[in-house]
Amino acid sequence: MKKTLFSLLLLFNMSDAEILSLKSGWSLVGANSSMTLDTLKNQIGAENLLIVQGQQKTYQKFYEDEGKNFLNSFNQFEKGRGYWIKVNSAIDLPYNRITYTTDEHIDLIAGWNLINPPTDLNLSEIVAQLGENLLVIQGQKDTYQKIYNEEGKDFLNSFENFKEPYAYWVKVTKNITLHFPKIVDTTAPLKAILTTTPTTTSYIQELVEINGEVGATVWINGIKEGTIDNDGIITISLDTSGGEGIKRFSIVLRDANNNESEPLIVEIKKLIDDAIAIRFLDKATFGATKENIKALKHDGIEVWIDKQLAMPIQEDIYLKKTIELAKLCEPENNSYSIEAYLNDNDKIFNQNVGSFFSPRYRMSAWFEVALDAPDQLRQKMTYALSQIIVESDFEPIFTRRAEALARYFDILHHHALGNYKQLITDISFSSGMGMFLTYNGNKKAYQNEANITIYPDENYARELMQLFSMGLNELNLDGTAKKDEQGNLIPTYSQEDVNELSKVFTGWDLKRNRRYGLIGFRRGDLTHPMEFTQKYHDFTAKSLLNQSISSGLDGEADVKRAIDIIFSNPNVAPFIAKNLIMRLSKSNPSPMYVGRVASVFLESQGDLKAVAKAILLDPELWEDIKEDNIIKFKEPLVAYTNFLKAFHVKPFPKWYFCKFGGPNDDNASNCQVIEHRYLFDGGIKNFFGQAPGLAPTVFNFYDNSFIPNDDAFKSSKSVAPEIQIASDSVYIELSNTIRKNLFGWEKNYITNEFMWCYKCEESNQKRHNSVEEFANEAPARGYVPVYYIGANKMLLDVTEELDVMERTIDGDSDGDFASLTHENNNEVVPKAIKALIHHLNQKLTGGRMSQEQEDAIYNILKDERLFNKYDVHDSSDLRYDKKRYILRKAIFPAIRAVVTSSTFMTE
């Protein structure tokens, strides 16, 4: 196709060749050509060409024949000169016409001039220039004589304009110059042709191959996009961003003379299917929901991102929610207002108590923000940053002073779409990081009682450079390693740099600490920045990364100067860019992908808003999505939040905080009543191998360079960091956790299950008409999860799944499952299960699970007899029993199967 189109274009260009018709005898020739005498002989024939006579130069065949060639002075046509040509026989002479792209002129002498006009001036233009000096224009056929005008014989003048390829005699009264404006070619290029024309798309751009005139510029909707190459083609990306609908493109070719082709109109229908929406939202949020899928389809990817980036920040959200829950659960220990605790004063949250429950409050706050906050992109960026700049409860103090981690997440949250350098600056002064990486209470070098020199702690100094900013080895902008002449990696810093930087982080300790460097569960303020103590700071001059830090700087100035030096290092952009790509979108980004994002980081000076957008809109990511490539494995924690959001998780309407005991009476008078709040604890780390703020080391949950023990990964050297913690036991625990959540906290199961009264003398069972009724009776009937502090608390909803099955069985969704009986359930249920599995595939993966995967789940569930006549508790109203067994034996197992499938667990 390409070659055929190019050949047609070449033929079209050849059709522009001119023909000079020579009659037998004399012809007055004015061809704008640089043909030589030899070319004329070859084209006309040496015997046929008799004479070429110019005003000054001549060629005569007779001279050549008589051996008098020295009398021949003509060698080739000259610009502006006309010639008489005499031939024996008439002949058509093809020639390539010279198109002059600059203004030209001919200097006329007084008297007669034989000229070849460069352009076709008309008589009025000639007269305008020459005026009364023009006496005669004489062509081979046409003439103009001034005397005819003067004598009223203008009818004898037949000349109208100079014409290619004729020459003219021009007579003037004096020496004068005749000017010829450049010729502007007004021939429009041919209309563009697409090799293939897309009609529908789901993506933010569509690549098309445009065929057209070589050298023509391509304009799409009025914007120049490129130039047709020497093969007559160019590949252009059509911007199909935005929401669903028709995307219209007008493609115009424009040549060097600004001539435009007829527009080629291309219309592409934009449809964002669920699979694409879910894959994108899995990267940009904590999980796809009906609502955010609808918003994404309506707005399109870019507008959705822009709206997310524009959302106002909720300051101190993690710490506020931690304190809120602490005040509800332990009001006696948290008597001040939230504002009082947030203010930088002596009212220090949790200091006097060091509550064992604070990790639960902090974890519940994290889940509430991750699951319910509208600014999901900020939350996902916060989580990504928490795996680069790691702080965790590996520090034992945090197991009772978890507010440190709440404040840490607030710092990340505040800067997640802000400036990375400022984030590092604030983290460097934070009390939590000071304690976690052991530079709170850091002192300048001194000698102890045993005369041993104690040097400043190097922990934070090393990790700040190695993990939080530059990395170990020098990188190119695209993230590839630089090497020296021997092929060795080049370290970014030395041990001496670590030593020097450790001096910077001296003199810092927790605010309101009883003694400098004192550590304990009830020591210091972990919610405000550290304070500086001059006595312990090293004020000497320092050298870091071949740059100097002046002596005498105070603590804050010392730190900021060191951070300035670190961020002047070119490694920061590619190192952080690649880390963020790996956390958000792709485990093995190409150097081009890294380079593009690193360039944005560099040009924006670390603007994470710009970086996030660059990561999520990069063409490599969207090509992978388009090709349905597996580019990242889902973290167990993220898979869990995806599950929770998909099934409409909400805070449980009412539960009881009884500390480690239970209610003392039926009214739970010794417990705090908590309404519309989540409760989560750190136990999920034991199941999933990870939990927010609970990394086992500063190196995060997994190693970025981890390559699974699999031939495909090893041969391609592809990393899959998340697989390092995703063992078989983790997937089993994920499935079991989902089972517990569904059986314990799904609203339809709660209201359709018979609940035992564990505190009644004679155990009896009861159904509850609402979740609220169930929660109200929990203390009296012994519903332990509602008041046990170790049980996570939430409310899930699988009504959609019940409706799918009932529509298949009954043709409606009124909740009675009227057509289902214990006699026929093995006949009608398999079809409903098949519909359920297909629905879950669409809902959770956008239909990306194969038919083979759907069939595998179906074959496990289809023969399950949902219930028999002995399962019936209330023969007067079977709908409760039907729903209970449908949930227990079909819906809940199907959800677990899809959520733990390979399709759901990959991005």
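**Salt bridges, sheets, a pocket and a disulfide in the predicted model**

Glu500 has a relative accessibility of 9%, which puts it in the buried class. Like everything described here, that value comes from a predicted model. The side chain of Glu500 meets that of Lys503 in a salt bridge, with 2.8 Å from N to O. Both residues sit in helix H17 (residues 495-504), and since they are 3 residues apart, about one helical turn separates them. Lys503, with a relative accessible area of 23%, is partly exposed. Elsewhere, Lys290, Glu800, Glu801 and Lys843 are joined into one network by salt bridges that share partners.

The structure holds 49 salt bridges in total, and some of them reach a long way along the chain. One links Asp628 to Arg279, with 3.3 Å between the closest N and O atoms. Asp628 is in the loop between helix H22 (619-626) and helix H23 (636-646), while Arg279 belongs to helix H6 (residues 274-284), so this pair ties together parts that are 349 residues apart in sequence. The two ends of the bridge differ in exposure: Asp628 is partly exposed at 41% relative accessibility, whereas Arg279 is buried at 3%. Another salt bridge brings together the side chains of Arg512 and Asp344, at 2.3 Å from N to O. Here Arg512 comes from the loop between strand E23 (508-509) and strand E24 (531-532), and Asp344 from the loop between H10 and H11, so parts that are 168 residues apart in sequence are tied together. Arg512 counts as partly exposed, with a relative accessibility of 24%, and Asp344 is partly exposed too, at 40%.

The loop that carries Asp344 also holds Asn350, between helix H10 (338-342) and helix H11 (358-372). Most residues other than glycine have a negative phi, and most peptide bonds are trans. Asn350 goes the other way, with a phi near 70°, and it is buried, its relative accessible area being 5%. Ala668 also has a positive phi, about 50°, without being a glycine. Its relative accessible area of 2% makes Ala668 buried as well. As for the peptide bonds, the one from Glu164 to Pro165 is cis, with omega near 10°. Pro165 lies in the loop between helix H5 (146-150) and strand E11 (168-172).

Ala668 is placed in the loop between strand E27 (652-657) and strand E28 (672-677), and that stretch brings us to the cysteines. The structure has 1 disulfide, formed by Cys658 and Cys671, whose sulfur atoms are 2.0 Å apart. Both cysteines lie in the loop between E27 and E28, so the pair ties together parts that are 13 residues apart in sequence. The torsion about their S-S bond is about 110°, so the disulfide is right-handed. Cys658 and Cys671 are both buried. Cys329 is buried too, with a relative accessible area of 2%, but its sulfur is 9.9 Å from the closest cysteine sulfur, that of Cys658, which is too far for a bond.

Turning to the strands, an open sheet is built from 3 of them in the order E13-E15-E18, with antiparallel pairing. Strand E13 (193-194) and strand E18 (233-239) take the edges; each has a single partner strand, so one side of each lacks a neighbour in the sheet. E13 pairs with strand E15 (residues 205-211) over 2 bridges, and Leu194 has Ile210 of E15 as its bridge partner.

Strand E5 (residues 83-87) also has antiparallel partners: strand E2 (residues 25-29), over 5 bridges, and strand E3 (residues 49-53), over 4 bridges. Lys86 of E5 is the bridge partner of Trp26 and also of Ile51. In a regular strand the side chains alternate between the two faces of the sheet. In E5, Tyr83, Ile85 and Val87 make up the covered face, and Trp84 and Lys86 the uncovered one.

Finally, the largest pocket encloses about 900 Å³ of space. Its lining counts 31 residues, with Phe575, Asn579, Asp703, Asn704 and Ser705 nearest the centre. Helix H19 (residues 572-584) contributes the most to this lining, giving 6 residues. Sorted by class, the lining has 16 nonpolar, 11 polar and 4 charged residues.

Terms used:
Residues numbered from 1 in each chain as written. Predicted model: local features only at pLDDT ≥ 70, side-chain atom pairs only at ≥ 80, totals over all residues. Heavy atoms only, no water. Pairing = 2+ DSSP bridges. Buried < 20%, exposed > 50% of the residue type's maximum accessible area, 1.4 Å probe, protein only. 1 Å grid on protein atoms, 1.4 Å probe; cavity = no way out; pocket = protein on both sides within 12 Å on 5 of 7 lines; lining within 4 Å. Points joined across faces, edges and corners; volume = space filled by probe spheres on them. Nonpolar A, V, L, I, M, F, W, Y, C, P; charged D, E, K, R; others polar. Disulfide = S-S within 2.5 Å. Salt bridge = Lys/Arg side-chain N within 4 Å of Asp/Glu carboxyl O.
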